[in-house]
Amino acid sequence: MANLDKVRVQLLDESTGAVLKEVNVLTSADAVTFADGQTFQQKLDGGLLKGSQ
């Protein structure tokens, strides 16, 4: 089994952007899949993720 990391996820109101709830989940980068079928880990390894450091 892959090492799991604890991450915090914010559930947002789609129309206002307000935080509705924050939850802690245990996950791994291979457990998150995007619509194109790639996992978070694949995108991270391929340098495909953009955003502030």
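Helices (H or I, at least four residues) and strands (E, at least two) are DSSP runs, numbered from the N terminus.

**View 1. Here's the whole chain, with its confidence.** What you're looking at is a predicted model, where local features need a pLDDT (the predictor's confidence in each residue, from 0 to 100) of at least 70 and side-chain atom pairs need 80 or more, while totals for chains, interfaces and linings use all residues. Residues are numbered from 1 along each chain as its sequence is written, and side-chain values use heavy atoms, with hydrogens and water left out. The protein chain averages a pLDDT of 85, and 94% of its residues score at least 70. Confidence is highest in α1, at a mean of 90, and lowest in β1, at 85.

**View 2. Strands β1 and β2 make a hairpin.** β1 covers residues 5-12 and β2 covers residues 19-27. They pair (DSSP finds at least two bridges) in the antiparallel sense, over eight bridges. To follow the pairing, start at D5, which stands opposite T27 in β2. Six residues sit between the two strands, and G17 in the turn has a positive phi of about 80°.

**View 3. Now for T16, in the loop between β1 and β2.** T16 is exposed (over 50% relative accessible area; under 20% is buried, in between is partly exposed; 1.4 Å probe, protein chains only), coming in at 59%. A polar atom of the T16 side chain lies 3.2 Å from the backbone nitrogen of A18.

**View 4. V9 is a residue to look for in strand β1.** With a relative accessibility of 32%, V9 is partly exposed. V9 is in contact (heavy atoms within 4.5 Å) with K21, E22, V23 and V25, leaving out residues up to four places away in sequence. Look at N24 as well: V9 and N24 are 15 residues apart in sequence, but their C-alpha atoms are 6.3 Å apart in space.

**View 5. F34 and F40 stack their rings.** Rings of Phe, Tyr and Trp (its six-membered ring) pair if their centres lie within 6.5 Å, with planes under 30 degrees apart stacked, over 60 edge-to-face and the rest tilted. By that rule, the count is one aromatic pair. The centres of the F34 and F40 rings are 6.4 Å apart and their planes meet at 15°, so this pair is stacked. F34 is partly exposed, at 32% relative accessible area, and F40 is partly exposed too, at 31%.

**View 6. K43 sits over a ring.** K43 belongs to helix α1, which takes in residues 40-45. Is K43 buried or exposed? It's buried, with a relative accessible area of 11%. K43 lies over the face of F34 (NZ of Lys or CZ of Arg within 6 Å of the ring centre and within 35 degrees of the ring normal), at 5.1 Å from the ring centre. The K43 side chain also makes a polar contact (N or O atoms within 3.5 Å, one able to donate a hydrogen and the other to accept it within protein; residues adjacent in sequence count only if both atoms are side-chain atoms) with the side chain of Q38, at 3.4 Å. Beyond its neighbours within four places in sequence, K43 touches F34, D36, Q38, L48 and L49.

**View 7. Last stop: T39, in the loop between β2 and α1.** T39 counts as buried, with 13% relative accessibility. Setting aside residues up to four places away in sequence, T39 touches A29, D30, V32, T33 and F34.
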